[in-house]
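Work through the exercises below with the structure open beside you, and try each task before reading the solution that follows it.

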Amino acid sequence: MNYCNRFLLLLVFTLFFSKGAAQQSDSRDKVQIFYYGWYGNPETDGSYQHWNHEILPHWSNPKWNNLGHHKGGDDIGANFYPALGNYSSNDPKIIEKHMKMIKESGVGVVVVSWLGKDSFTDKSLIKYLDIADHFDLKIAFHIEPFYKNTSELKEQLSYLVKTYSGHHAFYKKEGKPLFYVYDSYKIPKEEWAKMLAKDGGKTVRNTELDAFYIGLWVEKDDAKFFDSSGFDGFYTYFASEGFVYGSTTANWDFMASYAKDHHMIFIPCVGPGYSDTKIRPWNEANFKSRNHGKYYENMFDAAMKVNPDFIGITSFNEWHEGTQIEPAIPKKGGDFKYEDYGKDPLFYIKETKRLTDKFLKKR
């Protein structure tokens with residue numbers, strides 16, 4: 001074979017494999033996992049953050065008032081205990097371990113909880129973007145309800161976009177960011193429409209803040225909210241089957257059809273279980289046993305049945321609600337015995353890989 005033919009053959013192989021790699025990377029973006037960077041410890045941050053979570057009062061029963069908070073250390077605000085201990089979300093070694101595990105789980109996008117400029121969750125975002133990029137992961141944002149109105153939200157998003165959107169790891173779909181907007185229903189749909197509708201008085205469309213805005217679908221009547229609020233899609237977030245309309249898998253057929261009819265994105269969210277009585281001792285009714293991975297598999301299967309554009313996973317490390325796939329270990333703190341995953345702390349990382357592979361092969 002002469003030099004020219006060898007060169008052409010090499011070029012064909014290069015184009016073929018690079019295209020395949022790009023398609024594989026793109027398909028991984030279809031699985032997105034919620035991530036919390038709000039944990040702190042005395043060594044890194046000067047004090048505990050979130051490990052010493054408050055025991056939350058009940059909204060109407062005063063029996064559960066004034067129960068204090070957990071101390072941190074062996075007594076944390078979670079029903080499981082992390083294999084990495086009371087880590088700091090600002091520790092680059094921890095961030096690297098987390099991104100490596102997320103990469104190994106088959107997920108493509110890390111949806112970081114964000115509480116605005118100068119918040120604890122904003123402190124190390126550059127570290128997250130840099131380290132995620134090292135593992136060929138992307139970072140999207142879960143916008144927490146820290147703002148009072150859409151005008152304040154626009155100011156905050158302007159900071160977010162100007163500061164971070166030029167980073168290679170900042171996730172974009174069709175050239176635009178994708179923002180999950182938690183508790184979107186707390187602001188009237190009319191106010192959202194001014195911001196999100198193309199003809200809204202304060203529209204973000206065709207501006208630097210144009211993005212795919214994904215609202216939270218909670219109750220059945222939220223269909224009326226999404227009908228005219230200007231959102232580009234909706235997600236279900238909660239990992240407790242039956243907790244609300246949106247997290248009830250039997251309703252996902254209707255929600256998928258609604259999304260299709262309204263040219264919207266539907267993102268059903270799945271989780272390995274739910275266990276939050278360490279911070280909500282009155283909430284035993286919403287406990288969902290992991291059942292050795294079967295609960296997780298059933299939620300994934302229900303999501304796959306509606307053939308969604310994306311699947312959201314709740315969560316990598318929401319320890320307070322026991323939805324995490326991050327490794328947990330057996331532990332006893334005082335009289336309390338923490339739940340665990342059995343013999344393998346990495347069980348849910350591996351299971352996530354198996355289930356994401358199954359979803360992506362089906363597409």
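## Exercise 1: a pair of helices late in the chain

In this predicted model, helix α9 (residues 294–305) and helix α10 (residues 347–362) pack at an angle of about 20°, with their axes 11 Å apart. Classify how α9 and α10 are oriented to each other, give the hand of their crossing, and describe the residues of the contact.

Solution. Begin with the angle: since angles under 35 degrees count as roughly parallel, α9 and α10 are therefore roughly parallel to each other. Next comes the hand, and the crossing of α9 and α10 is right-handed. The contact itself is made on the α9 side by Y296, E297, F300, D301, M304 and K305, and on the α10 side by Y348, E351, T352, R354, L355, T356, K358, F359 and K362. Sorted by class, the residues of this contact between α9 and α10 comprise six nonpolar, two polar and seven charged.

## Exercise 2: the surroundings of helix α4

Find which residues of helix α4 (residues 125–134) are buried, and name elements that cover them.

Solution. The buried residues of α4 are L125, Y128, L129, I131 and A132. The cover over these buried residues includes the strands β1 (31–35), β2 (109–114) and β3 (138–143), together with the helices α3 (92–104) and α5 (150–164). Just after α4 the backbone has a feature to note, for D136 takes a positive phi of about 60°.

Now take α3, one of the covering elements, and determine how it is oriented to α4.

Solution. The axes of α3 and α4 come within 10 Å and cross at roughly 40°. That angle is neither under 35 degrees nor in the range from 65 to 115, and α3 and α4 are therefore oblique to each other. Their crossing is right-handed. On α3 the contact is made by P92, I95, E96 and M99, while on α4 it is made by K127, Y128, I131 and A132. In this contact of α3 with α4 there are six nonpolar residues, two charged residues and no polar ones.

## Exercise 3: from a helix pair to a loop residue

Describe the packing of α5 against α6 (189–196), and then decide whether V204, in the loop that follows α6, is buried or exposed.

Solution. The axes of α5 and α6 come within 10 Å and cross at roughly 40°, and the two helices are therefore oblique to each other. In passing α6, α5 makes a right-handed crossing. The residues in contact are T150, L153, K154 and L157 of α5 and E191, W192 and M195 of α6, and by class they divide into four nonpolar, one polar and two charged.

The second part turns to V204, which is found in the loop between α6 and β6 (212–216). Its relative accessibility is 1%, so V204 counts as buried, the cut-off for buried being under 20%. When neighbours within four places in sequence are left aside, V204 is in contact with K154, M195, L196, L209, D210 and Y213. K154 and M195 also take part in the contact of α5 with α6. The C-alpha atoms of V204 and K194, 10 residues apart along the chain, are separated by 8.9 Å.

## Exercise 4: backbone features in loops

Locate N66, D118 and S315 in their loops, and state the backbone feature noted for each of them.

Solution. N66 lies in the loop between α2 (42–45) and α3, and its phi is near 55°, a positive value in a residue other than glycine. With a relative accessibility of 78%, N66 counts as exposed. D118 lies in the loop between β2 and α4, and although D118 is not a glycine, it has a positive phi of about 70°. At 68% relative accessibility, D118 counts as exposed. S315 is found in the loop between β10 (311–313) and β11 (332–333), and the peptide bond leading from T314 to S315 is cis, with omega near 15°.

## Exercise 5: the whole chain

How many helices and strands are there in the protein, and how compact is the protein for its length?

Solution. The protein has 10 helices and 12 strands. Its radius of gyration is 21 Å, close to the 21 Å that the globule rule gives for 363 residues, so the protein is as compact as a globular protein of that length. Along the principal axes, the C-alpha trace spans about 80 × 55 × 40 Å. Buried residues make up 56% of the 363 residues. Among contacts between residues at least 6 apart in sequence, 72% join residues at least 24 apart.

How values were computed. Residues are numbered from 1 along each chain as its sequence is written. This is a predicted model: local features need pLDDT of at least 70, side-chain atom pairs count only at pLDDT 80 or more; totals for chains, interfaces and linings use all residues. Side-chain values use heavy atoms; hydrogens and water are left out. Buried means under 20% relative accessible area, exposed over 50%, partly exposed in between (1.4 Å probe, protein chains only). Helices (H or I, at least four residues) and strands (E, at least two) are DSSP runs, numbered from the N terminus. Contact means heavy atoms within 4.5 Å. Axes are lines fitted to C-alpha atoms, for helices over the stretch in contact, and angles run from 0 to 180 degrees between N-to-C directions. Angles under 35 degrees count as roughly parallel, over 145 as roughly antiparallel, 65 to 115 as roughly perpendicular and the rest as oblique. A crossing is left-handed if the near helix is turned anticlockwise from the far one by less than a right angle, and right-handed if clockwise. Ala, Val, Leu, Ile, Met, Phe, Trp, Tyr, Cys and Pro count as nonpolar, Asp, Glu, Lys and Arg as charged, and the others, Gly among them, as polar. The radius of gyration is taken over C-alpha atoms; the globule rule is 2.2 Å times the number of residues to the power 0.38.
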